[in-house]
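Subject: Handing over a structure, with notes on what was found

Dear colleague,

I am passing a structure on to you, and since you have not worked with it before, I have written down below what was found in it. Please look at the sequence and the structure first, and then read the notes beside them.

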Amino acid sequence: MDREQIDILHGFFAHVASVNFDGAKPDFGFYASRMDEAGIPWHVQNKIACAAESRENVYGLYFTTILKNLNLL
């Protein structure tokens with residue numbers, strides 16, 4: 001993954017976490033389009049969405065650590 005893809009995934013992770021834990025309004029279409037345009041595979045998108053559903057990941061780990069734990073870095 002390149003830096004642009006990591007930045008997009010980080011934004012998506014933060015958005016999913018905000019929707020799940022802070023009641024933010026979902027805008028998944030925006031992120032889906034950006035990730036698809038950047039060539040990020042579906043399985044990576046799904047792994048990030050699942051990781052953002054864990055409070056431990058959201059509040060306890062750096063994003064790069066999460067990527068490493070998911071074998072994405």
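A residue in the third helix makes a convenient starting point: Q45 lies in helix α3, and please keep in mind throughout that what you see is a predicted model. Q45 has a relative accessibility of 6%, and because anything under 20% is taken as buried, Q45 falls into that class. Leaving aside residues up to four places away in sequence, Q45 touches F12, M35, D36 and I40.

The nonpolar core

Two of the residues that Q45 touches, F12 and M35, also appear in the account of the largest nonpolar core. That core has 19 residues, and those that touch the most other members are L9, F12, F13, M35, I40, I48 and F63. Two or more residues are given to this core by each of the elements α1 (3–22), α2 (28–37), α3 (42–51) and α5 (63–69), and the largest share, six residues, comes from α1. For F63 the partners can be listed in full: apart from residues up to four places away in sequence, F63 touches I6, L9, H10, F13 and I48.

How α1 packs against α2 and α3

As general background, two packed helices are described by the angle between their axes and by the distance between those axes. For α1 and α2, the angle is about 160 degrees and the axes are 10 Å apart. Because an angle over 145 degrees counts as roughly antiparallel, α1 is roughly antiparallel to α2. The crossing of these two helices, α1 and α2, is left-handed. On the α1 side the contact is made by I8, L9, G11, F12, H15, V16 and V19, and on the α2 side by F28, Y31, R34 and M35. Sorted by class, the contact of α1 with α2 has eight nonpolar residues, two polar ones and one charged one.

For α1 and α3, the angle is about 40 degrees, and the axes are 8 Å apart. That angle makes α1 oblique to α3, and the crossing of α1 and α3 is right-handed. Here α1 contributes L9, F12, F13 and V16, while α3 contributes V44, Q45, I48, A49 and A51, so that the Q45 with which these notes began has a place in this contact. By class, the contact of α1 with α3 has eight nonpolar residues, one polar residue and no charged residues.

Individual residues along α1

Three further residues of α1 were looked at one by one. H10, which lies in helix α1, is partly exposed, with a relative accessible area of 41%. H10 and N20 are 10 residues apart along the chain, and their C-alpha atoms are separated by 15 Å. H10 is also one of the residues that F63 touches.

H15 is likewise placed in helix α1, and with a relative accessible area of 11% H15 is buried. Not counting residues up to four places away in sequence, H15 touches K25, P26, D27, F28 and Y31, and among these F28 and Y31 belong to the α2 side of the contact described above.

F21, too, has its place in helix α1, and, with residues up to four places away in sequence left out, F21 touches A52, E53, S54, R55, V58 and Y59. F21 and E53 are 32 residues apart in sequence, whereas from C-alpha to C-alpha they are 8.4 Å apart in space.

Outside the helices

D27, one of the residues that H15 touches, is found in the loop between α1 and α2. At 41% relative accessibility, D27 counts as partly exposed. In sequence D27 and V16 are 11 residues apart, and in space their C-alpha atoms are 9.1 Å apart.

Finally, which residue has a positive phi although it is not a glycine? This is N71, whose phi is about 60 degrees. N71 is found in the segment after α5, and with a relative accessible area of 67% N71 is exposed.

With best regards

Technical notes: Residues are numbered from 1 along each chain as its sequence is written. This is a predicted model: local features need pLDDT of at least 70, side-chain atom pairs count only at pLDDT 80 or more; totals for chains, interfaces and linings use all residues. Side-chain values use heavy atoms; hydrogens and water are left out. A nonpolar core is a set of buried Ala, Val, Leu, Ile, Met, Phe, Trp, Tyr and Cys residues joined through side-chain atoms within 4.5 Å. Buried means under 20% relative accessible area, exposed over 50%, partly exposed in between (1.4 Å probe, protein chains only). Helices (H or I, at least four residues) and strands (E, at least two) are DSSP runs, numbered from the N terminus. Contact means heavy atoms within 4.5 Å. Axes are lines fitted to C-alpha atoms, for helices over the stretch in contact, and angles run from 0 to 180 degrees between N-to-C directions. Angles under 35 degrees count as roughly parallel, over 145 as roughly antiparallel, 65 to 115 as roughly perpendicular and the rest as oblique. A crossing is left-handed if the near helix is turned anticlockwise from the far one by less than a right angle, and right-handed if clockwise. Ala, Val, Leu, Ile, Met, Phe, Trp, Tyr, Cys and Pro count as nonpolar, Asp, Glu, Lys and Arg as charged, and the others, Gly among them, as polar.
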